[in-house]
Amino acid sequence: MKRIWSGIVAVLLASTPVLAQEPYQQPVEAQEPYQEPVAVAASSGWYLRGDAGFSQKNLRGAHYFQGSNSNLQDFDSAEVDNSYLLGVGVGYQINQYLRTDVTLDYLGESDFHGSTSGSCGVAVSCVSTDVSSMSAWSLMANAYVDFWSYGSFTAYAGGGLGGTKVNWRNLRNTSCDTSDPTNCDPTVEHDGEDPWRFTYALMLGASVDLTCALKADVGYRYRRVEGGDMFGFASNGGPGYDKGFHLHEGRAGLRYAFGENCDPVYDPPVEPVVYK
């Protein structure tokens, strides 16, 4: 009997399938897709700029001392023509959004036309014709925020503080009888003044990349120039003072980043290590 059970067990073991054991493999980490290296241009941050444009000069008024009664009186009319402007500057790009620069602008010569009324040497009721001209140098420290970019296009806003040296030429004053414009006093010439004035500015504009180092810049600048001396005393009249200017400027120029390395600097990503 024992032999019979031993035979049955042997038959069962012989008929049972044997599972093959797979060889052990270490898990393989997931491999990220390979990315092309991105070119990054190296820069020193410093740039030069040059601008040209148009300046609309709004004179806020002018007044003068009338010698016979020492009263400060306003010009009945006082206007200054518009002119061109030229500017240069040097700046520094602090980061992607913030930059600063120092600019020196020349505002071209503009004619001044004014008139006053009152008594004069030839009549009790007279009107004067006052003519002169002015130009200006403006030195400003500015800061800008490059607040929006798309591709090669960047929009910015900024502000500046500084001073403007207003150069008034000699003022020529001729007073004539209102009832007879040919009956006039001799023309009187007053020496012009050239004071420095406190100035602030607000800017809004945009730039576009022409190359990796060169940008074209188009913008608007509002400049407020405080009042100051205009002309001196002569023949019982003066001195005179202007009340300052509102300047509305359209500007176009170029910004060149010197020290710019236009050869791309590649910083390829580190490929992941694969374990097998």
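**Exercise 1. Salt bridges**

Determine how many salt bridges the whole structure holds, and state where Lys243 and Asp74 lie.

*Solution.* Step 1. A search of the whole structure finds 16 salt bridges, a salt bridge being a side-chain nitrogen of Lys or Arg within 4 Å of a carboxyl oxygen of Asp or Glu. The model is a predicted one, in which local features need pLDDT of at least 70 and side-chain atom pairs count only at pLDDT 80 or more, while totals for chains, interfaces and linings use all residues. Residues are numbered from 1 along each chain as its sequence is written, and side-chain values use heavy atoms, with hydrogens and water left out.

Step 2. Lys243 and Asp74 form one salt bridge, at 3.3 Å from N to O. This pair links distant parts of the chain, 169 residues apart: Lys243 belongs to the loop between strand S15 (237–242) and strand S16 (245–256), and Asp74 to strand S4. Strands (E, at least two residues) and helices (H or I, at least four) are DSSP runs, numbered from the N terminus.

Step 3. Lys243 is partly exposed because its relative accessibility is 29%, and Asp74 is likewise partly exposed because its value is 42%. Here buried means under 20% relative accessible area, exposed over 50%, and partly exposed in between (1.4 Å probe, protein chains only).

**Exercise 2. Arg223 and its network**

State whether Arg223 and Asp105 are buried or exposed, and list the residues of the salt-bridge network.

*Solution.* Step 1. The side chains of Arg223 and Asp105 meet in a salt bridge of 2.9 Å, N to O. Arg223 lies in strand S13 (residues 214–225) and Asp105 in strand S7, 118 residues apart.

Step 2. Both Arg223 and Asp105 are buried.

Step 3. A network of salt bridges links Arg49, Asp51, Asp101, Asp105, Arg221, Arg223, Glu249 and Arg251.

Step 4. Another salt bridge joins Glu226 to Arg224, with the closest N and O atoms 3.5 Å apart. Arg224 counts as buried because its relative accessible area is 16%, whereas Glu226, at 27%, is partly exposed.

**Exercise 3. Strand pairing**

Give the strand order of the open sheet that contains S15, and identify its edge strands.

*Solution.* Step 1. The sheet has 4 strands in the order S4-S3-S15-S14, with antiparallel pairing; two strands pair if DSSP finds at least two bridges between them.

Step 2. Strand S4 (71–74) and strand S14 (228–231) are the edge strands, each pairing on one side only.

Step 3. Strand S3 (residues 62–66) is joined to S4 by 4 bridges, and Gln66 has Asn71 in S4 as its bridge partner.

Step 4. Elsewhere, 4 bridges join S5 to strand S7 (residues 98–118), and these run antiparallel. Ala78 is bridged to Gly114 in S7. On strand S5 (residues 77–80), Ala78 and Val80 form the covered face, and Ser77 and Glu79 the uncovered one.

**Exercise 4. Aromatic rings**

Classify the ring pair of Trp148 and Tyr150, and find which ring lies under the charged end of Arg99.

*Solution.* Step 1. The structure holds 13 aromatic pairs. Rings of Phe, Tyr and Trp (its six-membered ring) pair if their centres lie within 6.5 Å; planes under 30 degrees apart count as stacked, over 60 as edge-to-face and the rest as tilted.

Step 2. Trp148 and Tyr150 are stacked, at 6.3 Å centre to centre with 10° between the planes. Trp148 is partly exposed at 45% relative accessible area, and Tyr150 is exposed at 64%.

Step 3. Ring pairs also link Tyr64, Phe75, Phe112, Trp168, Phe231 and Phe245 into a cluster.

Step 4. The charged end of Arg99 sits over the ring of Tyr144, 4.2 Å from its centre. The criterion is NZ of Lys or CZ of Arg within 6 Å of the ring centre and within 35 degrees of the ring normal.
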